[in-house]
Amino acid sequence: MLFTPANIGPVTLRNRTIRSAAFEGMGKDNNPTPQLRDYHFSVAEGGVGMTTLAYAGITRSALSFDTQLWLRPEIIPSLREITDGIHERGAKASIQIGHCGNMTHIRTAGGIPVAPNTGFNLYSPTICRGLKKDELLKLAKEFGEAVNTARDAGFDCVEVHAGHGYLISQFLSPYTNHRRDEFGGSLENRMHFMHLCMDEVMKAAGNDMGVLVKTNMRDGFKGGLEIDDCLTVAKAIEQHGVHAMVLSGGFVSKAPMYVMRGEMPIHTMTHYMKQLWLKYGVRMAGRFMIKPEKFTPLYFLEDAKKFRRELSLPLVYVGGVIDRPGAEKVMNEGFEFIQMGRALLNEPDFVNRMKGDEAHRCGCDHVNYCIARMYSKEMACHKHLQEPLPKGIQKEIAAIKARG
């Protein structure tokens with residue numbers, strides 16, 4: 001079943017595998033680069049059904065990093081080169097669209113970061129201001145405009161990011177949404193902004209673009225959304241007629257390792273940071289702020305099965321797929337697709353390897369070097385670097401492996 005064709009709305013994939021929207025960090029000045037192009041070409045050549053360009057901001061205020069894509073008409077020709085090449089290699093192309101909310105800085109966002117409420121985000125760290133109703137309406141329309149731009153750039157699908165503690169998720173979670181108007185309070189009210197965005201996305205998608213939505217099954221910490229409320233959110237998303245849902249979890253500003261599992265290599269992360277104040281601040285406090293979460297294969301599966309029982313639309317499983325038996329187990333539980341991130345960074349041809357060898361297991365050791373590096377440089381597996389690793393990083397990787 002894993003290697004049979006399947007549809008996401010109007011789009012037919014050659015198999016059930018999708019490269020997840022794991023942030024590549026391979027842009028420059030918010031534009032595509034040859035490195036980004038070549039990486040997605042390698043994944044397409046490696047047999048994946050669809051590859052997803054990650055975390056594209058719908059507008060300037062949506063950007064967290066300079067290495068992130070800003071989805072705007074000016075970059076359509078460069079994106080067309082990428083999507084055409086993906087198609088030539090037999091895969092479909094998707095792009096994740098979203099808004100970071102308070103997870104940014106004035107220089108990157110072009111103004112004071114925005115959020116459901118005015119306040120201070122310790123994890124950026126930065127002050128942020130609450131969005132006004134007319135701004136929310138404008139942002140929702142910009143989600144729709146992003147779909148049209150994606151179509152013009154040759155993408156087959158868009159994936160709306162409504163999880164992980166970014167702006168839509170910030171509105172959904174009681175941890176970040178303390179508004180007292182129709183966008184805050186009850187869960188029904190907190191879903192209001194999400195509904196506005198999804199209305200615009202589905203209207204723009206029409207009958208020729210596939211629409212996926214990534215949403216949380218849990219926020220991953222006390223005071224955030226738990227599974228019952230997340231089920232309510234998922235059912236509300238389903239009512240918009242989206243073509244598939246990606247089930248994830250975690251909050252990058254509060255429980256980042258709940259998303260990815262494992263341990264954050266703090267020394268590695270700070271090694272690549274350029275701002276001295278941030279480097280030493282994270283080095284001192286990072287272990288207290290970024291709680292480890294044990295990695296196990298298929299770590300989201302038990303929660304995801306609860307959503308499978310309650311929902312009718314196609315579901316995409318993501319989280320700890322490291323071999324073909326695991327992928328087949330997910331399929332046998334009734335999920336239509338699987339997404340993979342670190343496995344396809346470690347082995348861009350992982351899908352072809354699974355197809356050729358039923359016992360193949362990806363070579364990723366889940367020490368999260370790639371994640372730690374991603375915040376300052378492009379995402380890369382430590383096993384494939386051209387330059388030698390500094391001794392301090394080698395020591396940290398060995399220690400994390402020893403702790404299991």
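## Helix packing around α7, α8 and α12

In helix α7, the buried residues are F193, M194, L196, C197, M198, E200, V201, M202, A204 and A205. Keep in mind as you look around that this is a predicted model.

Those buried positions make up 10 of the 14 residues of α7, so the helix is largely enclosed by the rest of the structure. What do the buried residues of α7 pack against? Their partners are the helices α4 (133-152), α5 (167-172), α6 (187-190) and α8 (227-238), together with the strands β9 (157-161) and β10 (210-216). The length of α7 is easy to check too: its 14 residues, 192-205, should span 20 Å at 1.5 Å a residue, and the end C-alpha atoms are indeed 20 Å apart, so the two values agree. Just after α7 comes G206, which takes a positive phi of about 55°.

From α7 we can step to α8, one of its packing partners, and on to helix α12 (residues 301-310). The axes of α8 and α12 come within 11 Å and cross at roughly 45°. The two helices are therefore oblique to each other, and α8 passes α12 in a right-handed crossing. On the α8 side the contact is made by I227, C230, L231, A234 and K235, while α12 brings D303, K306, F307 and E310. Sorted by class, this contact holds five nonpolar and four charged residues, with no polar ones. A general point about helices helps when reading such lists: an α-helix has 3.6 residues a turn, so residues three or four places apart point the same way.

Which residues of α12 are buried? They are L301, D303, A304, K305, F307 and R308. D303 and F307 therefore deserve a second look on screen, being buried and also part of the contact with α8. Besides α8, the buried residues of α12 pack against β10, β11 (244-248), α9 (256-260), β12 (315-318) and α13 (324-332). Strand β10 is thus listed as a partner for the buried residues of α7 and for those of α12.

A second helix pair lies earlier in the chain: helix α1 (residues 34-45) and helix α2 (residues 76-88) pack at an angle of about 15°, with their axes 9 Å apart. That angle makes α1 roughly parallel to α2, and α1 passes α2 in a right-handed crossing. L36, R37, H40, F41 and A44 of α1 meet E81, I82, G85 and I86 of α2. By class, the residues of this contact are five nonpolar, two polar and two charged.

Two loop residues round off the tour. D181 is found between α5 and α6, and H384 between α16 (369-374) and α17 (391-403). Are they buried or partly exposed? The table gives the values.

| Residue | Relative accessibility | State | C-alpha separation |
|---|---|---|---|
| D181 | 28% | partly exposed | 9.3 Å to K133 |
| H384 | 43% | partly exposed | 31 Å to M1 |

The D181 and K133 pair is 48 residues apart along the chain, and H384 and M1 are 383 residues apart. Leaving aside its neighbours within four places in sequence, H384 is in contact with L345 and N346.

Definitions and conventions. Residues numbered from 1 in each chain as written. Predicted model: local features only at pLDDT ≥ 70, side-chain atom pairs only at ≥ 80, totals over all residues. Heavy atoms only, no water. Helix = DSSP H or I, 4+ residues; strand = E, 2+ residues; numbered from the N terminus. Expected span 1.5 Å × (residues − 1). Buried < 20%, exposed > 50% of the residue type's maximum accessible area, 1.4 Å probe, protein only. Contact = heavy atoms within 4.5 Å. Axes fitted to C-alpha atoms, helices over the stretch in contact; angles between N-to-C directions. Parallel < 35°, antiparallel > 145°, perpendicular 65-115°, else oblique. Left-handed = near helix turned anticlockwise from the far one by under 90°. Nonpolar A, V, L, I, M, F, W, Y, C, P; charged D, E, K, R; others polar.
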